[in-house]
Amino acid sequence: MTSEPMRSGPDPQSPRPDRSARPDRSAARQPDERRSGDGWARDTDATPAAFGYLGAIFLGPVIPLIVYAITARRSPFLRWHAAAAVNLSLSCLMYGLCCAILGGLLALDNIAVAIIIAVPLCLAVWLVTLRYLLRGVAAANRGEQYDIPSWICARIVA
């Protein structure tokens with residue numbers, strides 16, 4: 001009886017495994033699904049989520065509230081993005097109201113000072129809100145969740 005000693009490592013004469021030929025883990029997913037945060041986001045979910053953010057740019061919280069009311073029960077991904085768009089647009093609306101009150105109070109003293117302070121302040125709030133809304137659109141199109149910082153966005157709708 002002849003037996004060969006067992007080798008503890010790989011056979012040096014055997015061909016090396018091709019590391020580029022890894023099994024495709026995305027093949028198990030459906031073709032219209034993307035991985036997002038905690039769950040799956042379908043490609044069909046990205047469009048209404050992005051539409052909610054884009055609607056907030058032009059009509060404030062109206063379009064995101066409609067998207068939230070229609071799609072919140074359908075998908076956690078849609079609920080997340082619709083709630084984020086509603087919260088950000090409502091926060092921006094409240095900041096705009098505060099700017100209007102500040103401008104009104106300053107106008108009691110001097111109208112020029114009110115315009116010089118309130119208009120740029122309101123414009124700055126709108127531009128910051130626009131920045132985060134556009135980042136939300138990009139994240140929704142990628143199928144990812146995007147957390148808007150709490151210093152700009154009050155959590156009103158969950």
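This text walks through helix H4 and then a nonpolar surface patch in a predicted model. Residues are numbered from 1 along each chain, as its sequence is written. Local features need pLDDT of at least 70, side-chain atom pairs count only at pLDDT 80 or more, and totals for chains, interfaces and linings use all residues, while side-chain values use heavy atoms, without hydrogens or water.

Start with H4, residues 111–142 (helices are DSSP runs of H or I, at least four residues, numbered from the N terminus). Its 32 residues should span 46 Å (1.5 Å times one less than the number of residues). The end C-alpha atoms are 46 Å apart, which agrees. At the start of H4, a side-chain oxygen of Asn 110 comes within 3.1 Å of the backbone nitrogen of Ala 112. Just after H4, Gly 143 has a positive phi of about 80 degrees.

Many residues along H4 are buried (under 20% relative accessible area, 1.4 Å probe, protein chains only), including Ala 114, Ala 118, Val 125, Tyr 132 and Ala 140. Leu 130 also lies in H4. Leu 130 is buried, at 19% relative accessible area. Its C-alpha atom is separated by 6.7 Å from that of Ile 57, 73 residues away along the chain.

Now turn to the surface. Phe 58, Leu 59, Val 62, Ile 66 and Ile 70 form a nonpolar patch there, with about 560 Å² of accessible area together. Helix H1 (43–59) and helix H2 (62–71) each give two or more residues to this patch. H2 gives the most, with three residues. Ile 66 is found in H2. Ile 66 has a relative accessible area of 44%, so it counts as partly exposed (from 20% to 50%).

Note on methods: Polar contact = N/O pair within 3.5 Å; in protein donor to acceptor, adjacent residues only side chain to side chain. Patch = residues over 30% accessible without salt bridge, like charges linked within 9 Å, V, L, I, M, F, W, Y side chains within 5 Å. Areas by Shrake-Rupley, 256 points an atom, 1.4 Å probe, with all protein chains shown as cover. Salt bridge = Lys/Arg side-chain N within 4 Å of Asp/Glu carboxyl O.
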